[in-house]
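Biologist: Could you take me through this model? I'd like to hear how each label is earned.

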Amino acid sequence: MKTYDNIVAHLGDKASFYLDHVSQKVTKDELRLTDKNIVDNVFVNSNRSPQVLRSLSQLYGHGNLGGTGYLSILPVDQGIEHSALFSFYKNPDYFDPENIVKLAIEAGCNGVASTFGVLGLCSRKYAHKVPFIVKINHNELLSYPNTYDQNLFGKVREAWNMGAVAIGATIYFGSQESNRQIREIAEAFAEAHSLGMATILWCYTRNDAFKTDKYHTAADLTGQANHLGVTIQADIIKQKLPTTNFGFKNLKFGKFDDAMYETLTTEHPIDLCRLQVANCYMAKIGLINSGGGSQGESDMSDAVRTAVINKRAGGAGLILGRKAFQRPFKDGVELLHAVQGVYLEERITIA
């Protein structure tokens with residue numbers, strides 16, 4: 001009861017808006033909802049090898065959410081993506097890679113996602129204690145002007161050698177470099193699967209036109225990015241929470257019809273996220289939403305709200321970093337536990 005009451009408190013006067021909503025466009029009965037047998041029920045008849053099934057089982061079976069079908073992953077690659085100085089000045093302890101892994105362990109995360117350098121330096125000490133997810137490509141921040149590109153920082157086999165259960169990668173769908181990135185990561189995912197590792201794809205949209213009215217987080221554009229991600233056989237999709245819709249329609253590109261919006265979704269945040277979930281093969285491939293940047297005092301409530309939206313939409317969890325590591329260690333653990341509490345709370349159900 002205490003956990004549920006805390007969730008309601010964090011949602012404030014919008015609690016009923018989030019907790020009582022019923023999705024009537026794409027209904028919960030149309031989804032393959034996650035559960036403790038997600039690996040057996042979804043992947044066992046796929047082309048994934050027994051070694052990949054074992055890796056997925058390790059990931060879904062670890063930490064406080066182990067055995068629930070939900071995931072709480074700590075991602076810390078911002079030292080490259082956003083610059084180390086900007087990412088760690090609020091808490092310089094995280095310049096030390098070991099503290100990143102310690103946070104994931106102490107918080108009971110399913111896994112820790114970071115760079116070759118971070119996880120490689122700690123692999124012998126920790127790879128058997130918490131599932132490693134090696135992020136194999138990055139958008140380095142020193143090129144001027146910045147470009148929407150992701151470059152490989154190491155080999156898939158190197159991730160396997162350090163004991164990783166999965167690799168992670170980003171594709172900037174919509175960028176000038178996206179076609180190369182799609183080919184590159186499709187090949188990397190095939191190699192990872194051949195070595196017995198699972199695959200997680202950061203399905204982000206990047207294009208100057210998408211910045212208009214925040215269409216880089218439009219449900220239709222991010223949903224299509226998700227669909228491309230599952231097409232190249234990502235086992236888990238990472239996506240930003242949608243904040244708007246009508247990217248195809250209002251930017252007047254791609255394929256769209258007014259009827260597709262009216263048929264599949266509404267303006268409610270849970271329905272917008274449900275559209276992302278539907279694009280992940282009706283939830284057969286788990287959708288984990290990102291936690292977003294740290295805003296200070298509102299971080300706890302923002303994280304709980306995001307978790308509620310993801311869970312009620314049919315998602316598989318959160319991959320949350322900055323809100324946790326850009327604060328004192330104890331507070332970061334507390335925030336991650338609060339997020340996990342949403343997925344453990346039986347009264348928070350699918351909309």
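Modeller: The lining of the largest pocket splits into 13 nonpolar, 17 polar and 11 charged residues. The sorting counts Ala, Val, Leu, Ile, Met, Phe, Trp, Tyr, Cys and Pro as nonpolar, Asp, Glu, Lys and Arg as charged, and the others, Gly among them, as polar. Bear in mind that this is a predicted model, where local features need pLDDT of at least 70 and side-chain atom pairs count only at pLDDT 80 or more, while totals for chains, interfaces and linings use all residues. Residues are numbered from 1 along each chain as its sequence is written, and side-chain values use heavy atoms, with hydrogens and water left out.

Biologist: What makes something a pocket or a cavity here, and how is a volume obtained?

Modeller: Both are found on a 1 Å grid over the protein atoms alone: in a cavity a 1.4 Å probe fits but cannot get out, whereas a pocket is an open set of points with protein on both sides within 12 Å along at least five of seven lines. A residue is lining if it has an atom within 4 Å of a point. Grid points are joined across faces, edges and corners, and the volume is the space filled by probe spheres set on the points. The largest pocket comes to about 980 Å³. Of its 41 lining residues, Lys240, Ser290, Gly292, Gly293 and Arg322 are the closest to the centre.

Biologist: Which elements each supply at least two residues of that lining?

Modeller: Helix 5 (78–88), strand 6 (166–173), strand 7 (198–205), helix 14 (299–313) and helix 15 (322–325) do. Helix 14 gives the largest share, with 4 residues. These elements are DSSP runs numbered from the N terminus: helices are H or I with at least four residues, strands E with at least two.

Biologist: And what lines the second largest pocket?

Modeller: Its space is about 210 Å³, and the lining includes Ala219, Asp220, Phe248, Lys255 and Tyr261. Helix 10 (219–231) and helix 12 (258–264) give two or more residues to it, with helix 10 contributing the largest share, 4 residues. By type, the lining divides into 6 nonpolar, 4 polar and 2 charged residues.

Biologist: How many cavities of 30 Å³ or more are there?

Modeller: The count is 1. The largest cavity has a volume of about 60 Å³. Among its lining residues are Thr34, Tyr60, Lys284 and Ala316, and the lining divides into 6 nonpolar, 4 polar and 1 charged.

Biologist: Why is the pair of Tyr70 and Tyr343 called tilted?

Modeller: Rings of Phe, Tyr and Trp (its six-membered ring) pair if their centres lie within 6.5 Å; planes under 30 degrees apart are stacked, over 60 edge-to-face, and the rest tilted. Tyr70 and Tyr343 have ring centres 4.9 Å apart and planes at 45°, so the pair is tilted. The partners are 273 residues apart: Tyr70 is in the loop between helix 4 (50–61) and strand 1 (71–76), and Tyr343 is in helix 16 (residues 329–344).

Biologist: Are those two tyrosines buried or exposed?

Modeller: Buried means under 20% relative accessible area, exposed over 50%, and partly exposed in between (1.4 Å probe, protein chains only). Tyr70 has 9%, so Tyr70 counts as buried, and Tyr343 is buried at 4%. Another tilted pair is Phe86 and Tyr89, 6.3 Å centre to centre with 45° between the planes. Phe86 is exposed at 53%, and Tyr89 counts as exposed at 52%.

Biologist: How many aromatic pairs does the search of the whole structure find?

Modeller: It finds 9. Ring pairs also link Phe88, Tyr94, Phe95 and Phe325 into a cluster.

Biologist: What makes a charge sit over a ring?

Modeller: NZ of Lys or CZ of Arg has to be within 6 Å of the ring centre and within 35 degrees of the ring normal. The charged end of Lys14 sits over the ring of Phe17, 4.1 Å from its centre. Lys240 lies over the face of Tyr204, at 5.0 Å from the ring centre.

Biologist: How many disulfides are there, and why is Cys273 not bonded to Cys280?

Modeller: The search finds 0 disulfides. A disulfide is a pair of cysteine sulfur atoms within 2.5 Å. The sulfur of Cys273 is 9.1 Å from its closest cysteine sulfur, in Cys280, so that is too far for a bond. For Cys122, the closest is Cys109, at 15 Å between sulfurs, which is also too far for a bond. Cys273 is buried at 0% relative accessibility, and Cys122 is buried at 6%.
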